[in-house]
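Please read the following explanation with the model open beside the text. The paragraphs move from one part of the structure to the next, and each can be followed on the screen.

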Amino acid sequence: MEDRLPHISIRIEIAPGEFLRRFRQVALQSGEYLVESITAPTDQLQLAPLLVTGHKGLVGHLHADPHDIRRVWVNITAERWDPDPPTYQAYVEAAHAIFSPLLHSYNQAHGTTRRLNIPSLAHTEPQLPEIAREVFETFVAAADKRGLKREDWSRLFDFIRHCTSYNVALAERDLVRLLRLNGFERDHARDVARIFASGQRMLLRKWRGELAQGKGGEGEMQKAK
């Protein structure tokens with residue numbers, strides 16, 4: 001199963017546009033990057049290192065976050081990764097190779113302590129709230145990983161009901177990921193995730209219908225009065 005790649009960012013002390021302008025100057029002065037600025041749809045900076053790596057066409061991207069003026073996001077792309085697709089470790093090492101020397105120069109020039117903020121490998125995986133995680137673990141601990149048995153269904157329904165009752169957001173692809181990490185075969189994980197999504201929709205329709213009927217009943221009682 002492929003690693004999930006981290007969302008890397010840099011906390012900044014000035015406006016994103018000004019940070020990118022200063023960072024561009026540092027990159028140009030180093031003489032070790034091909035530098036391109038992009039202004040639409042958001043402020044961006046692309047840095048292609050001239051250094052030779054095991055990856056072909058490696059490029060680092062910085063772009064402003066329109067919803068957070070104190071952060072810019074880092075993304076790394078390559079025409080061909082080694083290995084391909086990249087592991088978490090390969091991706092993080094590439095990010096450091098491109099940006100760490102520039103951040104060191106930037107910090108020296110501007111008296112700051114900017115650095116790459118990189119989530120751990122564990123934090124790239126889907127996260128469940130504590131109680132939801134406990135209910136999920138109860139289900140997967142006893143479930144047949146190749147096909148649900150009769151006794152597995154009640155524990156799955158407990159998980160569906162809990163997540164629906166407490167508005168736990170869990171996309172199908174994230175549930176597939178969690179199931180695969182817990183030993184489920186791929187096709188079976190996809191089937192369980194589809195059942196989970198269908199179960200949530202059925203419960204929501206049932207509860208909304210009961211709520212609507214309750215309101216209708218109250219209306220009839222008011223009319224009777």
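The lining of the largest pocket in this predicted model is made up of three nonpolar, three polar and two charged residues. Arg4, Leu5, Pro6 and His7 belong to this lining, and the remaining members are Pro119, His123, Thr124 and Arg173. The volume of the largest pocket comes to about 180 Å³. One of the lining residues, Arg173, can also be set against a residue elsewhere in the chain: Asp68 and Arg173 are separated by 105 residues in sequence, and their C-alpha atoms lie 27 Å apart in space. Asp68 itself is found in strand β5, and because its relative accessible area is 21%, Asp68 is classed as partly exposed, given that buried means under 20%.

From the pocket, the reader may turn to the interior. In soluble globular proteins, nonpolar side chains tend to be buried together. In this model the largest nonpolar core has 27 residues, and those with the most contacts inside it are Ile10, Phe19, Phe23, Leu62, Ile76 and Phe99. At least two residues of this core are supplied by each of the elements β1 (8-11), α1 (16-30), β3 (44-49), β5 (68-77) and α2 (88-110), and the largest share, eight residues, comes from α2. Phe19 shows how residues from separate parts of the sequence are brought into contact, since, leaving aside residues up to four places away in sequence, Phe19 touches Ile10, Ile12, Ile14, Leu62, Val72, Tyr106 and Arg114.

A second core, separate from the one just described, has 23 residues, among them Phe136, Ala143, Val176 and Leu179. Phe136 has its place in helix α3 (residues 130-142), and with a relative accessible area of 3% this residue is buried. When residues up to four places away in sequence are not counted, the residues that Phe136 touches are Leu128, Phe159, Leu175, Leu178, Leu179 and Asn182. Several of these partners return in the helices that come later in the chain: Phe159 is one of the buried residues of α4, while Leu175, Leu178 and Leu179 are among the buried residues of α5. Phe136 and Cys163, which are 27 residues apart in sequence, have their C-alpha atoms 9.7 Å apart in space.

How does helix α3 look at a residue that is not buried? Ala141 also lies in helix α3, but its relative accessible area is 65%, so Ala141 counts as exposed. Between Ala141 and Gly183 there are 42 places in sequence, and 9.7 Å in space from C-alpha to C-alpha. Gly183 follows α5 and has a positive phi, near 95°.

Helix α4 offers a simple check of geometry. At 1.5 Å a residue, its 16 residues (150-165) should span 22 Å, and because the end C-alpha atoms are 24 Å apart, the model agrees with this expectation. The buried residues of α4 are Asp152, Leu156, Phe159, Ile160, His162, Cys163 and Thr164. An α-helix has 3.6 residues a turn, so residues three or four places apart point the same way. In α5, the buried residues are Asp174, Leu175, Val176, Arg177, Leu178 and Leu179.

Some features of the backbone deserve a separate look. Most residues other than glycine have a negative phi, and most peptide bonds are trans. Asn167, however, has a positive phi of about 55° although it is not a glycine. Asn167 is found in the loop between α4 and α5 (172-181), and because its relative accessibility is 69%, Asn167 counts as exposed. Two peptide bonds call for the reader's attention as well: the bond from Asp82 to Pro83 is cis, with omega near 0°, and a cis peptide bond also joins Asp84 and Pro85, where omega is about 5°. Pro83 is found in the loop between β5 and α2, and Pro85 is found in the loop between β5 and α2 as well.

The last stop is His188, which has its place in helix α6 (residues 186-224). At 9% relative accessibility, His188 counts as buried. Leaving out residues up to four places away in sequence, His188 touches Asp144, Lys145, Arg146, Gly147 and Leu148.

Methods. Residues are numbered from 1 along each chain as its sequence is written. This is a predicted model: local features need pLDDT of at least 70, side-chain atom pairs count only at pLDDT 80 or more; totals for chains, interfaces and linings use all residues. Side-chain values use heavy atoms; hydrogens and water are left out. Helices (H or I, at least four residues) and strands (E, at least two) are DSSP runs, numbered from the N terminus. The expected span of a helix is 1.5 Å times one less than its number of residues. Buried means under 20% relative accessible area, exposed over 50%, partly exposed in between (1.4 Å probe, protein chains only). On a 1 Å grid over the protein atoms alone, a cavity is a set of points where a 1.4 Å probe fits but cannot get out, and a pocket is an open set with protein on both sides within 12 Å along at least five of seven lines; lining residues have an atom within 4 Å of a point. Grid points are joined across faces, edges and corners, and a volume is the space filled by probe spheres set on the points. Ala, Val, Leu, Ile, Met, Phe, Trp, Tyr, Cys and Pro count as nonpolar, Asp, Glu, Lys and Arg as charged, and the others, Gly among them, as polar. A nonpolar core is a set of buried Ala, Val, Leu, Ile, Met, Phe, Trp, Tyr and Cys residues joined through side-chain atoms within 4.5 Å. Contact means heavy atoms within 4.5 Å.
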